[in-house]
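Student: I have a new structure to read and do not know where to begin. Could we take the features in turn?

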Amino acid sequence: MPAQTRTLHIPTPGGRADAFAALPDTGGRHPGVLMYPDGFGIRPVLREMAAELAGHGYYVLVPNVFHRHGPTPVIDLPAYIGGEERAAVLDRLMPLIREHTAERTLRDADAFLRFLTTRPEVAPGPVAVTGYCFGGLLAVRTAAAHPDQVAALAAFHAPVGADGPDALAGITALAHFGHAASDLTPEALRELNQTLDAAGVDHTSEIYPGTVHGFTMSDTDAFDAAGLKLHWDRLLPLLGRTWESS
């Protein structure tokens, strides 16, 4: 299914956030998905991934989470993020990531969800939230804070449990977490899954074999084609099951 993209601006308590949406080119109303980028932010690979998801019948909203520091691109990015350039980019990004507290996340999440759910192209009812790397943590925070709105949650190579066990307790969404093999040992995975079970989260959570942190992003030296394919193989059925049951 062909997709189109639109540049948007979202009013938030911290100012106007630039964003883009990818949506089917067929008209009508579609289930909404809030997609949080990884720490490198909005760039061509995120537009491609959002368009891929939109081609399966979803309205996908991708916000600039660092909008308080300026519009996209917040910092200059090389076309390929690897080697010494990757380290230099991370050095510039880390202060922005550290400033993006849980409180700031939730103020923005309120605004992003309000904007998404009032689009005329978005079908009424629940939405999904997905995210990559740091964006996966934002997705977890959003789902936990909005159990009445978020019916599906997915996070990839993300610090899912970074806010502690209590932060997972509010999640009622059907969830999938795809971890990089470099991020999580099998023992740490067992501990995380036990925490999710104790919190009552209906989830699948697995290590994607042979992957390193950032494996979904084809413009980085972490990219793993098999890992990206597995990500789609998990994400699309998760979304399909969510709206079949809603």
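Student: Which residue of strand 4 is the bridge partner of Val33?

Tutor: Val60 is the bridge partner of Val33 in strand 4. Keep in mind throughout that this is a predicted model. The two residues belong to a pairing of strand 3 (residues 32-36) with strand 4, which is parallel and has three bridges.

Student: In which sense do strand 2 and strand 4 run, and how many bridges join them?

Tutor: Strand 2 (residues 15-24) and strand 4 run antiparallel, and four bridges join them. In this pairing Ala19 has Pro63 of strand 4 as its bridge partner.

Student: How many residues of strand 4 are buried?

Tutor: A residue counts as buried when its relative accessible area is under 20%. In strand 4 (residues 59-63), five of its five residues are buried. Take the two faces separately: Tyr59, Leu61 and Pro63 are on one side, Val60 and Val62 are on the other, and both faces are covered.

Student: What is the order of the strands in the sheet?

Tutor: To read a sheet, go from strand to strand across it and note the pairing. Here eight strands form an open sheet in the order 1-2-4-3-5-6-7-8, and the pairing is mixed.

Student: Which strands stand at the edges, and why is one side of each left without a neighbour?

Tutor: The edge strands are strand 1 (3-12) and strand 8; each has a single partner strand, so one side of each has no neighbour in the sheet. As for the angle between neighbouring strands of this sheet, the average turn is 20°, direction ignored.

Student: How many bridges pair strand 6 with strand 7?

Tutor: Five bridges pair strand 6 (residues 150-156) with strand 7 (residues 174-180), in the parallel sense. Within strand 7, Gly178 stands opposite Phe156.

Student: Now the charged side chains. How many salt bridges does a search of the whole structure find?

Tutor: The idea is to look for a side-chain nitrogen of Lys or Arg within 4 Å of a carboxyl oxygen of Asp or Glu. The search finds eleven salt bridges in the whole structure. One of them joins Arg86 and Asp221, with the closest N and O atoms 3.3 Å apart. Arg86 is in helix 2 and Asp221 is in the loop between strand 8 (203-208) and helix 6 (225-245), so this pair ties together parts 135 residues apart in sequence.

Student: Are Arg86 and Asp221 buried or partly exposed?

Tutor: Arg86 is buried, at a relative accessible area of 17%. Asp221 is partly exposed, at 40%.

Student: What is the distance, N to O, in the salt bridge of Glu206 and Arg234?

Tutor: The side chains of Glu206 and Arg234 meet at 2.5 Å, N to O. This pair also links distant parts of the chain, since Glu206 is in strand 8 and Arg234 in helix 6, 28 residues apart. Arg234 counts as partly exposed, with 31% relative accessibility. Salt bridges can also share partners: Asp38, Arg43 and Asp219 are joined into one network in this way.

Student: Which residue forms a salt bridge with Glu99?

Tutor: Arg104 does, and the closest N and O atoms of the two are 3.9 Å apart. Glu99 is partly exposed at 39% relative accessibility, whereas Arg104 is buried at 17%.

Student: Let us turn to empty space. Which residues lie nearest the centre of the largest pocket?

Tutor: A pocket is read by its volume and by its lining. The largest pocket has a volume of about 240 Å³. Its lining has 15 residues, and Gly39, Leu90, Ile97, Cys133 and His213 lie nearest the centre. Helix 2 (83-99) and helix 4 (134-145) are the elements that give two or more residues to this lining. Helix 2 gives the most, with five residues. By type, the lining has nine nonpolar, four polar and two charged residues.

Student: How much space lies in the largest cavity?

Tutor: A cavity differs from a pocket in that a probe fits inside but cannot get out. The largest cavity holds about 120 Å³ of space, and the structure has one cavity of 30 Å³ or more. Among its 15 lining residues, Phe40, Gly41, Ile42, Phe66 and Val74 lie nearest the centre of the largest cavity. The lining divides into ten nonpolar, four polar and one charged.

Terms used:
Residues are numbered from 1 along each chain as its sequence is written. This is a predicted model: local features need pLDDT of at least 70, side-chain atom pairs count only at pLDDT 80 or more; totals for chains, interfaces and linings use all residues. Side-chain values use heavy atoms; hydrogens and water are left out. On a 1 Å grid over the protein atoms alone, a cavity is a set of points where a 1.4 Å probe fits but cannot get out, and a pocket is an open set with protein on both sides within 12 Å along at least five of seven lines; lining residues have an atom within 4 Å of a point. Grid points are joined across faces, edges and corners, and a volume is the space filled by probe spheres set on the points. Ala, Val, Leu, Ile, Met, Phe, Trp, Tyr, Cys and Pro count as nonpolar, Asp, Glu, Lys and Arg as charged, and the others, Gly among them, as polar. Buried means under 20% relative accessible area, exposed over 50%, partly exposed in between (1.4 Å probe, protein chains only). Two strands pair if DSSP finds at least two bridges between them. Axes are lines fitted to C-alpha atoms, for helices over the stretch in contact, and angles run from 0 to 180 degrees between N-to-C directions.
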